[in-house]
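Here is a brief report on one protein chain. Keep the structure open while you read.

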Amino acid sequence: MAKFRELSKESVKDREMKISEYWNEIDLLHESVNSRDGHENYIFYDGPPTANGKPGIHHVISRTLKDMTCRYKTMKGFKVKRKAGWDTHGLPVEIEVEKKLGLTSKKDIENYGVEKFCKECRDSVFVYESKWREMSERMAFLADMNNPYITLDNNYIESVWNLLNEIFKKGLMYEGAKILPYCPRCGTGLASHEVAQGYEMIKTTTVYAKFKKKDEDAYFIAWTTTPWTLPSNVALTVNPNVTYVKVKYKDEFFYLAENLATKVLGEDYEVVEKFLGKDMEYWEYEQLIPEIDVKQKAFFVTLADYVTVEDGTGIVHTAPAFGEDDYQTGRRYNLPLINPVNEEGKFSTTRYEGRPVMECDADIITYLFENNKALKKQKVEHNYPHCWRCHTPLIYYSKPSWYIEVTKYKDKLIENAKAVNFYPDFVGEKRFANWLENLNDWAISRSRYWGTPFNVWKCDCGHCTSVGSRKELAERSIENIDENIELHRPYVDNVHLKCEKCGGTMTREKDVIDVWFDSGAMPFAQHHYPFENKENFGELFPADFISEGIDQTRGWFYSLLAISTLITGKSPYKNVLVNDLILDKDGKKMSKSRGNTIDPIELFDKYGADAVRFYSLYVSPPWVPTRFDVEGLREIESKFFRSFKNTYNFFQLYSGTDDIDPREFFVEYNKRPEIDRWILSRYNNLLKMYNENMDKFEVTKVVRAISDFVIEDLSNWYIRRNRRRFWNTEVDDDKKAVYNTTYEILLGISKIIAPITPFVAEEMYRNLTDKKSVHLDFIPECDESLIDEALEEKMDIVRNLVTIGRASREKVKIKVRQPLSEIVVDFDLKEKIGDLEELIKEELNKGSVFVNLNGEETEILKEYVDVKVSAKEGFDVTMENNLFVILDTTLTDELLDEGFAREVISKIQQMRKSADFDVLDEIRIKCACSERLKKAVENYKEFIMKETLGVELTFVDNLNTEEVDFNGEVGKLFVERV
């Protein structure tokens, strides 16, 4: 009776789903946590995805990294709680609902009704939750999805309010009218970390505008990439320390920077005058487009250091309503703030009234040329910020907004970020560090509807206050409400407070908050802190590990760090693993329009989630853009997984046949044969490398090393070299040793691949043991006493010689099964590998002679090769990495006979396997073949019968079986069980 079960023969889909069902039965998630009670915590934070969008292959890879790390740390003995989360607020949700309802503006939403709109948003956020659950379960993402944190939940929002209240009380919140990147489609401003995620390349028609100098027939030339801002121009700005020139060009006089004159005008101009920019201050000019009545002093030259001479003209058109630099210049010179653009991104005055501003560029340029106010126009391609949610080009203009003064904590943020281990380190040292060095205050408020309501109330007297809990809101409310009030618009809009300063009525600021504050608050809000879990919060914070895409550097990574630094003074995470984009096999971004997206569920069905997980880690390091090629996935499935399963199948088959259980005996390591000690040394070196690299997230090195070990060391060398030991009928110490060694390695591999390929590891482990789950076991530690570097080096030389010898055979088209009379290698290797001479003979199929290539015996070499190291007739030499193998390629009749016999044996073994014979079944063999083949079979009849368990071999004239080519001789075979 078999001691070990066979591997499942079901489809990979059915096999993995049955294992998932088993995990649910044993409640593996909670078992993984409870089994580590009393152990050190390893804290993991899951970044919340938005459930109103379908999951894709990039989510599979991201969740593979998270799940792998949590499983690995559990198997290293840590207690790892895993709470999933959902990001349920914000513009992505609103935009989808607007599409569904056919709404196109904020006005449409308000006409539809804010309450009804927000209800639609709430109902929509989990439309794809079942798809996310299916993907997560199919790929073995082990996290608590039944009790997730949800950003729309009242408890979550209450915790967010508490954090905002703390920040307000610290005096870090203020209202300002800064220049803010604004999305006219969404009708709201964006924070700088949001803008950083939305840059896109666009082609723009730019213009060199001519500003007529007052009291002189001359023009200032200023270049702009945003012609729509020209109606709002109130100043021109120059660099005080740059040299400017007045030039004559085609009967006109122009002012511009000396260094840029040739670039703008060519060579055909005459310099009339030179002066520094500071000499031009307060020079006046005429309004360019005189359609807006400007009562304040305007239309003169100002000075600023930000003006460069890298491009343009060295003179900058200045419209304080539409740029931060312009705004600051306007404040210094008390310039008017002209803003003829409404919240929909359309002109509210001028001849372009009612039209989207960017659509007016062409008409404005035409007007300038028609009125001799343009020198030339130019098409340029440049990176322009777009809304990261709806891809609308952003407009920079002055809008009132609430800010968190994170710049006060800039040094502390940088200090905390430096203490974090980023993988790869350049993300922290460069990308994130550069972001923090150029930090702006956080624009926290959004003029939208579906989100966490901004918890600040304002009185007409100007006094502001914030609310930090539902209890406080109910106690301070003028209206009769209780703590069950839903913390969303429009319900909180209707709550008013009594002003502590004047006794008047305070109204809530209508905005909602930036969704990045929602997700960045999760270390606190997922536990409803501080209303719950206050005493044990030290066990829940900070995270030992988080992992998300590279785009989150300025998103979630930043919002987590900013909130935590302001609230606790600490970083909220210790280790950050970053993954890059997922591309198609040609390196192109995946998109529906290109038709190159991949459905992860289809991949799971066909190849299995294990294969997808393993391949995604194998193909490239997580922080390098991954080129996902299904052909590569197929290759991984066919090589690594097949080799591993075939090794187990071989072990299971023969242990069952021999009725042997290696758990019942143990051959001491020092008494095992050299090849066992070699594979155990290789295995323990693998364990050493595995533990070192998993701890620093070098997962690609790990999976490649495991793959190489299983395919090359275990399957292609150890098992193949030791098959006869399994076939041996006597159960001696040698046979016990090979069973012990194979069992130990199969069990060990099933453990170390468990975090990476949880399904196949589980099946293999449970077949090899009587335990509940591999995921509740521990990662094996390296046994240094079993590592023998000298033995490994010796075996490496032998394997390299065998590889070279086989390459030589392939070059001269002689199969490995065809014996040769002589194979020659370097005599200098004899001392090191002489005891493995028989192994080399077996691998290369015939005698091996060690020949000294130094001293007097060098003459021996000339019998085989000439002085150019090219083979003489009848010989072949192959050299690689200072090793050589010489083959005597002359084939005698006797060698050919043995080659034919080995081909016949190979074919009979294939027929036994196809007929599903047991390994111990004896057979009768019939052969119909050519005379030449018959002669060879007769000469090696006993050898053939012994190798194939034949009891009878007879020759017949014909057989009704497939004709086979045996090294150029044809024949037919028939086998039957006795």
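## Overall make-up

The secondary structure of the chain comes to 32 helices and 36 strands. The model is a predicted one. Its chain has 978 residues, and 57% of them count as buried.

The radius of gyration is 38 Å, whereas a compact globule of 978 residues would come near 30 Å. Along the principal axes, the C-alpha trace spans about 115 × 80 × 55 Å. Sequence-distant contacts are well represented: among contacts between residues at least 6 apart in sequence, 77% join residues at least 24 apart.

## Surface and charge

The chain exposes about 43000 Å². Carbon and sulfur atoms supply 45% of that area. Charged side chains number 136 positive and 167 negative. The centres of these two sets lie 3 Å apart.

## A three-strand sheet

One open sheet has three strands in the order E3-E16-E18. The pairing is antiparallel. Its edge strands are E3 (173-176) and E18 (442-443), and each pairs on one side only. Strands of a sheet pair through backbone hydrogen bonds, either parallel or antiparallel.

How many bridges join E3 to E16? There are four, and E16 covers residues 401-404. One bridge can be placed by residue: Gly176 has Ser401 in E16 as its partner.

## Helix H4 and the loop after it

Helix H4 takes in residues 91-101. Its buried residues are Leu91, Pro92, Val93, Glu94, Ile95, Val97 and Glu98. What covers them? The cover includes helix H5 (106-112), helix H6 (114-124) and strand E5 (188-189). An α-helix has 3.6 residues a turn, so residues three or four places apart point the same way.

Just after H4, Gly102 takes a positive phi of about 75°. Ser105 sits in the loop between H4 and H5. Is Ser105 buried or exposed? Ser105 counts as buried because its relative accessibility is 14%, under the 20% cut-off. Leaving out residues up to four places away in sequence, Ser105 touches Glu98 and Glu344. Glu98 is itself one of the buried residues of H4.

## Two residues in contrast: Lys203 and Asn162

Lys203 is in strand E6, residues 199-212. Its relative accessibility is 65%, so Lys203 counts as exposed; the cut-off for that class is over 50%. Residues up to four places away aside, Lys203 touches Lys379, Val380 and Glu381. Lys203 and Gly113 are 90 residues apart in sequence. In space, their C-alpha atoms are 39 Å apart.

Asn162 lies in helix H8, residues 154-169. Asn162 counts as buried because its relative accessibility is 12%. Which residues does Asn162 contact, leaving aside neighbours within four places in sequence? They are Gly468, Pro530 and Phe531.

## Cis peptide bonds

A cis peptide bond joins Arg489 and Pro490, with omega about 5°. Pro490 is placed in the loop between helix H15 (470-476) and strand E22 (496-498).

Another cis bond joins Phe541 and Pro542, with omega about -5°. Pro542 is in the loop between helix H17 (522-525) and strand E25 (546-549).

## Positive phi outside glycine

Ala140 is not a glycine, yet its phi is positive, about 65°. Ala140 lies in the loop between helix H7 (129-138) and strand E2 (144-150). Its relative accessible area is 4%, so Ala140 is buried.

Asn533 also has a positive phi, near 60°. Asn533 is found in the loop between H17 and E25, and Pro542 is in that loop too. Where does Asn533 fall on the accessibility scale? Asn533 counts as partly exposed because its relative accessibility is 28%, which lies between the 20% and 50% cut-offs.

Technical notes:
Residues numbered from 1 in each chain as written. Predicted model: local features only at pLDDT ≥ 70, side-chain atom pairs only at ≥ 80, totals over all residues. Heavy atoms only, no water. Pairing = 2+ DSSP bridges. Rg over C-alpha atoms; globule rule 2.2 N^0.38 Å. Buried < 20%, exposed > 50% of the residue type's maximum accessible area, 1.4 Å probe, protein only. Contact = heavy atoms within 4.5 Å. Areas by Shrake-Rupley, 256 points an atom, 1.4 Å probe, with all protein chains shown as cover. Lys, Arg positive; Asp, Glu negative; His and termini not counted. Charge placed at Lys NZ, Arg CZ, Asp CG, Glu CD.
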